[in-house]
Structures are given as C-alpha cells and as structure tokens.
Amino acid sequence: MSRFDQVINRKNTNSVKWDTKKIFGMEDVLPMWVADMDFPAPDEVIDALHSRADHGIFGYTMPGTNTEIAIQGWLKTRHNWEIDKDIITYSPGIVTAISIAIQAYTGSEDKIVVQPPVYYPFFEMAKKHKREVLYNQLILNSDNRYEIDFADLEEKLSDNMTKMFILCNPHNPGGRVWSKEELTKIGELCIKHDVLIISDDIHSDLLLFDSHYTPIASINKAFAEQTITCIAPSKTFNLAGLQASAVLITNDTLKRKYNAVLQLYGLMTVNTFGSDAMEAAYKHGGKWLNELIHYLEGNVRFIENFLNEHLPDIKVMRPEATYLVWLDARNLKKTDDELKNLLLTKGKIALEPGSKFGKNGAGYLRMNIACPRETVKDGLDRLKNALT
Ligand SMILES: Cc1ncc(COP(=O)(O)O)c(C=O)c1O
C-alpha cells in the first residue's frame, strides 16, 4: 500500500475544495475540481512546521539565505537550472505575482496575450486590470495533444500595443510540457517584438511519464532578461494554504519594478510557516515527490482504463505533467451547463467545466486526480452514473 492510498477526511477544515455546501450548495458532492491535493505534505515539511509552532513566536518573517540555497538546490538538481540567488523575490501566490506583474509592466492601453484553453485567472486578472486580452488559441493535433499556432502568436505579439505574454509551462489544462524547441520559438518571437514573458511554471515539478521540462529563462541570457518566472512549492507539495511562492527575475530593472509594486501592497514580508515549509520542501522533498509522481501516473492509467471500458465517449488527454486531467466530453453533445447539472445533481461530483478555460474548452471537463485511488474510483463511478 502506498502512503498516498490513505483517505483523510478534509471536511470542516475550511477547505475551499471540500466546503461544497458553500460553493455548490450541496454537502454530498465529491470535489475533484480546484487544484489542491488530498495528500498530506512530506514529513520533513510537517516537522519544520511543528518546530516553528513549538518556538511560539511568529513575528515578521523574510526568507533567509537557507531558503535561497534550498530554491537554488532544487532548481539545479530537479531541472538542471543554475540561478543566482539575487534573482529571487517572493509572492504569497502565483496569481498575486501575475497581478503584480501586470501592474508593474503594462499600462492601461497595453495588450496581453494568453493561450486558451488556459488557467482562467490569466485572462481574468488581465481584464480586472482593464488590459485588452489577445487569445492565441491552442490547436488540437491528431494525437489529441495541444500545439501552438505560431503564425497566430506572431500576429498577436507583433501588435504594437502587446506588451506581455503569459506562458503556462507546463500548461494547465491539457498538461503539455512545452519542448525546448517550442519555447525557443516563443522566446525569439517575444524578443523580436519586445514582449515581456511571464512564465507560470507552478506545475513544473509534477512531471509525469518521463517528460522533460525546460524553464524558458534557462535557454539563453536574452530569454532570461525578458522573462519573469513564477515557481512555487504549493502545487508540488500541497502547500497552497501556506501562501509562499518565488518569482525569479534576472533583469535588474524589471526586478526593481516588481518589488516596487510588492511594497505598494505591503507584501515584502512572507508568511512565517510558508517560508519554513518552502525551505523544508525544496531541501528534503525529492524522494516524496518521486513517489507522488509514480502514484499520479497510476491514477492516470486507472482513469484511462476505466473510461475506455465504461464511458468510451469521453476521451482522456494524457497529461505530461500535473494532476489535472483534461477530459474531452464533446461526443456527448451536451452544453457545459447540462454537463455541470448532470454531474452535480445526478452524479454528485464537482469537476471544472472546460469553458471556464476559454471558448475552445467548451465540452471538456477538468478532473483533479490528486487523491487516493479509492477516491478516483468513487469519482469515476459518479461520472458514469451522471452520464449514462
Ligand atoms: C497555472 C496555475 N497558476 C497559478 C495557480 C494558482 O497559484 P496560487 O495559488 O499560488 O495563486 C494555479 C492553480 O491551480 C495554476 O494552475
């Protein structure tokens, strides 16, 4: 039995995912929507939090040299990326970092390019800042994988008012880990048209089926100078509630501008527990993560087999990374509202409707499979019940 097989009750813990009454108006819904995991963090992280709690003093905190060494070590050993510690700055979360970047680097007339279907806060945050959003739709190829429409991307980047491109690497949803070749093309186009790259790499540690991740800023110096890279232990080690993320900015001027907005909102200190957890996770979490990846791959295979057998009209896009599985339910010929209602009222299961991620996500469902296999099985039985 794997440590990840243990089912832990998360009800009544103020969990966004599990407080289904508040979100969906129902108690008895199985939540497989928002992206956090039903697994406890690595023991070393929990021990670090115990030590901090035992210390009993929770004053203002800033991550110290040991945290920076932990981040550097993690990037070097997991991703072969050597960074200078001076490029590290922080943010409570990646959505906050993206919002800060939009404010720091774009003006009200500027345009921002995103690649739907994509993590919806990218375009929602841009719209909240009243920036115009340009959509470079991903193309579905014959292998059921997303690819980039580079001609369209260049057209959007070449607009004089385009100042920012928000990249999701690996991509959520769909789980593509962009290849070095694809990233090189993106980087060259952004340099050619002087567009800043915000690279959200929050899922980059969760690499499945031997996929290989390249941080776009690691490809060459010019790309590094043009990129803000966002990383975090939050998805990797299930620490989202601790609010600690790192933002890597090589270009000094860009870093100063980012920090100025951090200061503007009083965000220069970090959560004491978050900082300790980040350090412990990056220092000691490698073995735990390897086991997690193995378990998640098992969950993906389980889903593929189940759907093949019981719901062949739903096609699985096998993720190269992340624990979010993108299910193509277009053959069922139902609207997103119909799907959502059937899932909630008949199946008693909550998934993310695909259209939330952009128009080309309509007819898809996103399922969070970071839970014990027993829960995955329960979810699939509910899905079958809802849709057959
Ligand atoms: C691509 C991506 N970026 C950012 C986030 C959220 O990050 P945070 O909680 O640090 O704001 C998520 C969460 O699902 C995500 O998938």
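**Exercise 1.** In this predicted model, determine how the lining of the largest pocket divides by residue class.

*Solution.* Sorting the lining residues of the largest pocket by class gives 14 nonpolar, 9 polar and 6 charged residues. The pocket enclosed by these residues has a volume of about 620 Å³. Its lining comprises 29 residues, and those closest to the pocket centre are Ala35, Val95, Tyr119, Lys235 and Ala240.

**Exercise 2.** Identify which helices each supply at least two residues of the lining of the largest pocket, and which domains contribute at least three residues each.

*Solution.* Start with the helices. Helix 4 (94-105) and helix 9 (234-237) each provide at least two lining residues. Helix 4 makes the largest contribution, with 3 residues. Next, take the domains. Domain 1 (3-42 + 286-387) and domain 2 (58-284) each give at least three residues to the lining of the largest pocket.

**Exercise 3.** Characterise the second largest pocket by volume, by lining and by class of lining residue.

*Solution.* The volume of the second largest pocket is about 390 Å³. Its lining consists of 16 residues, with Arg10, Met37, Phe39, Ala41 and Asn238 closest to the centre. The class count for this lining is 11 nonpolar, 2 polar and 3 charged residues.

**Exercise 4.** Where does the second largest pocket lie with respect to domain 1 and domain 2, and why?

*Solution.* First, establish which domains take part: residues of both domain 1 (3-42 + 286-387) and domain 2 (58-284) belong to the lining of the second largest pocket. Because both domains give residues to this lining, the second largest pocket lies between them.

Technical notes: Residues numbered from 1 in each chain as written. Predicted model: local features only at pLDDT ≥ 70, side-chain atom pairs only at ≥ 80, totals over all residues. Heavy atoms only, no water. 1 Å grid on protein atoms, 1.4 Å probe; cavity = no way out; pocket = protein on both sides within 12 Å on 5 of 7 lines; lining within 4 Å. Points joined across faces, edges and corners; volume = space filled by probe spheres on them. Helix = DSSP H or I, 4+ residues; strand = E, 2+ residues; numbered from the N terminus. Nonpolar A, V, L, I, M, F, W, Y, C, P; charged D, E, K, R; others polar. Domains from an automatic or database assignment.
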